[in-house]
Each structure stands twice: as C-alpha cells, then as structure tokens.
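Colleague: I'd like to learn how to read a fold like this one. Could you walk me through it, feature by feature?

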Amino acid sequence: MSESTNIAIACQGGGSHTAFTAGVLEHLFENWDDEYELVGISGTSGGAFNALAAWYGLVTGDTDDAAGIVIDLWDDIAANGYTERATNDWLKLLNRFQSAGMPFPQFSPYQIPGPELGKERIREILEAHIDFDAIPTHCQPTRPDLVVGTVDINAGVFETFTNESVTVDAVLASAAVPNLFEAVEIDDHYHWDGLFSQNPPVRDLMHQPPERKPDKLWIIQINPQQLESEPTSLDEIGDRRNELSGNISLNQELGFIERINDWIEAGKLPSDEFRHTEIRRIEMGRRYHCSTKMDRDPEFIDELIDLGRERAAAFLDGDLSGESATDGGH
C-alpha cells in the first residue's frame, strides 16, 4: 500500500445547484493535504463541468489552479448583464409555474432555436477555460482519471467518457436535458443528460491499478437523501421525484462498492489486487425548489458557492460524519 491516501471525488449533477460543488472543490483544493493523492474525479451534468475544470486545473498546474478555474467557470456561467438576467428571471418564473401544474404550451427543443443558442453559449464558456485538444496529452498513468457520464439514446445504455475521450461534446451531452436541449451526436449515436444514468459515475473511478485504487471516495451530493414528510403538492412531488432520480443510481453504485469491501474483509478477494474504499458524503444539506436548478442569478450562484465552502470546511474539520451506502445511504 502506498504511503499516500488515494482519493477519488464524484460530483453529482443537478443544474445550477452544482455551483455548490464548485465551492466544495475550491475549499478542498485550497486546503489539500500533501498526504492525499487524487486518483480520479467524475461528474454528471453540472457536476461534469466541475470535475472537468478541477481536473484540468490540476493536470496543467496545481491544486490552487484547480480551485481557481472551477470558480472562474461559474463566474462565466452566471447570468451577467441585463439581457441574461431578464431572461433568467423569466425562465425562473416559468419553471415555477410549470412545476405547480399550471398549463403552458409545450415545445420540443427541436422546434425553437433558443435552447440551442444556450448550449452554444455553454460550449463557448467551456472552450474559453479548457483546451480540449490538449486533453489527450495530459492523460497519463500517474495523473487522475477524468470520467463524464451520459446516456446513449440509441443503444439504450449508460455511457461514460474517460480521459482522452472527454471532448466538449461529451460534456455538453452530459448536460443535455431532453426537454431543454437537442441530443448531442457522438460517434454516430445520440446522447442525453447523464442524470438518467450514473449520477455521478462511481464504478469507473474504481477501475485503477491496485496501487492507485481509491482508499477514500468523496461524494459531493446535491440531492437530499432523506425526506421526513410525505410530498403532497405538485411542487413537492416534483421536487422529490427529481431528487430520487439522481440518488437511486448513486446508491446502487455505492452499494456495489460496499459489497466489494465486505468481500475484502471476509478474505474472498486478494488484498494485493483489491482495496477497501471508505465512502464519505459531502451533502448540500439544504433543500431548494427544483425550479432553481435552472437559476443562474449571480447572487444565487454565489450563495451556493459559499454554502459549498462552508460544508467542505466542516467536512475537513471532521464535523460531518461519514455515511456508507449500507449505513443509511439507501
């Protein structure tokens, strides 16, 4: 076993709420322990933006660069300027009314040009911060793996893009919500938002040589895990469905890791090839209305980033207890 502690980080998707993850990552990397070695980072949808930015900052610089580029990316994603703010306010109101069940005309993203213009704006922002052509040159065995999750519509399977296969199209596909954006074509197949699949990808982070398998897996979780009351209004039902859609696939993957851990402890797997992985969660711990997952108001983005910093600080201080998938994760 190496002297350092191998860390893998998985970033759950959730639209604008993943600005929380940016704050978490900024604090983690600004306070990175020299005994830690990042061996992999994954993400889905908005979580993929964060994972990509952090990974790129690390492989082209250091932990301070990783912290900086994640925040810089969200500064650009935020709705800056009068026109963007006005559009953002209108979309917030529309999403709130629709989630409450109010009747509004429904349009496919293939019928109106607005969503694709938004996707192209995201492409411009990503390419302004990331040199995608250089990604293959930064993929080396001693550097962390990068994993982005999507769904292959044609094949009907989850699909992850790893390391040199991560392109700007792969990242856009991971965030292509079907009722908002057109599917993204990659290798003659069409892809949708990874929120339908592994959210976030976890199992791919475990595909490492024995010496680089994660000792600890940190999950940055956007969707609340538990709900004490019964959802009764359309808003509450929609919120909980949205939360469950992301958490169920995550808990299934964590359950697989826990099973591997049990087999290792029981001596059913060779210790020189497998490693016990401790699962820790950094949860948002605050519930927002699902309509705000499309909210790019700069003040809201800053609020989420600040919350991420606070939760990461508590996590590093040991104030947040770890929770495994079998100790209440389901």
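Modeller: Sure, starting with strand pairing: two strands count as a pair if DSSP finds at least two bridges between them. Keep in mind that this is a predicted model. One case to look at is T44, which stands opposite G149 in strand 3.

Colleague: Which strands does that contact belong to, and in what sense do they pair?

Modeller: Strand 2 and strand 3 (residues 145-152) are the ones, and they run parallel, with 5 bridges between them.

Colleague: What about the other neighbour, strand 1: how many bridges does it make with strand 2?

Modeller: There are 7 bridges between strand 1 and strand 2 (residues 36-44), again in the parallel sense. To find the register, look for N6, whose bridge partner in strand 2 is E37. Further along, I9 stands opposite I41 in strand 2.

Colleague: And which strand pairs with strand 1 besides that?

Modeller: Strand 7 (residues 216-221) pairs with strand 1 in the parallel sense, over 5 bridges. Here I7 has K216 as its bridge partner in strand 7. From strand 7 you can carry on to strand 8 (residues 278-283), which runs parallel to it and is joined to it by 6 bridges. In that pairing I220 stands opposite I282.

Colleague: When two parallel strands are linked through a helix, how do I read the hand?

Modeller: Point the strands away from you and follow the path from the first strand over the helix to the second; clockwise means right-handed. Try it with strand 1, helix 1 (residues 19-30) and strand 2: they make a right-handed β-α-β unit.

Colleague: Are these strands enclosed or open?

Modeller: Use burial for that, with under 20% relative accessible area as the cut-off. In strand 1 (residues 5-11), 6 of the 7 residues are buried, so that strand is largely enclosed by the rest of the structure. Strand 2 has 7 of its 9 residues buried, so it is largely enclosed too. Strand 7 is mostly covered, with 5 of its 6 residues buried.

Colleague: Where do the side chains of a strand point?

Modeller: In a regular strand they alternate between the two faces of the sheet.

Colleague: On to rings. How many aromatic pairs are there?

Modeller: The structure holds 6 aromatic pairs. To classify one, check the angle between the ring planes: over 60 degrees counts as edge-to-face. The rings of W32 and Y36 have their planes at 70 degrees and their centres 5.6 Å apart, so that pair is edge-to-face. W32 is buried at 16% relative accessible area, while Y36 is partly exposed at 23%. Both belong to one aromatic cluster, formed by F29, W32, Y36, W218 and F315.

Colleague: Rings can also sit under a charge. Which residue has its charged end over the ring of F256?

Modeller: That's R203, with its charged end 4.2 Å from the ring centre.

Colleague: What should I look for in backbone angles?

Modeller: Look for a positive phi at a residue that isn't a glycine. N163 is such a case, at about 50 degrees, and D188 is another, at about 65 degrees.

Colleague: Where do they lie, and is each one buried or exposed?

Modeller: N163 lies in the loop between strand 4 (157-162) and helix 7 (168-174), and its relative accessible area of 14% makes it buried. D188 is in the loop between strand 5 (184-186) and strand 6 (189-192), and at 62% it is exposed.

Colleague: Last one: how many cavities of 30 Å³ or more turn up?

Modeller: A search of the whole structure finds 1. The largest cavity has a volume of about 80 Å³. It is lined by 13 residues, and those closest to its centre are H17, P224, E243, Y288 and K293.

Methods
Residues numbered from 1 in each chain as written. Heavy atoms only, no water. Phe/Tyr/Trp six-rings, centres within 6.5 Å; stacked < 30°, edge-to-face > 60°. Buried < 20%, exposed > 50% of the residue type's maximum accessible area, 1.4 Å probe, protein only. Lys NZ or Arg CZ within 6 Å of the ring centre and 35° of its normal. Helix = DSSP H or I, 4+ residues; strand = E, 2+ residues; numbered from the N terminus. 1 Å grid on protein atoms, 1.4 Å probe; cavity = no way out; pocket = protein on both sides within 12 Å on 5 of 7 lines; lining within 4 Å. Points joined across faces, edges and corners; volume = space filled by probe spheres on them.
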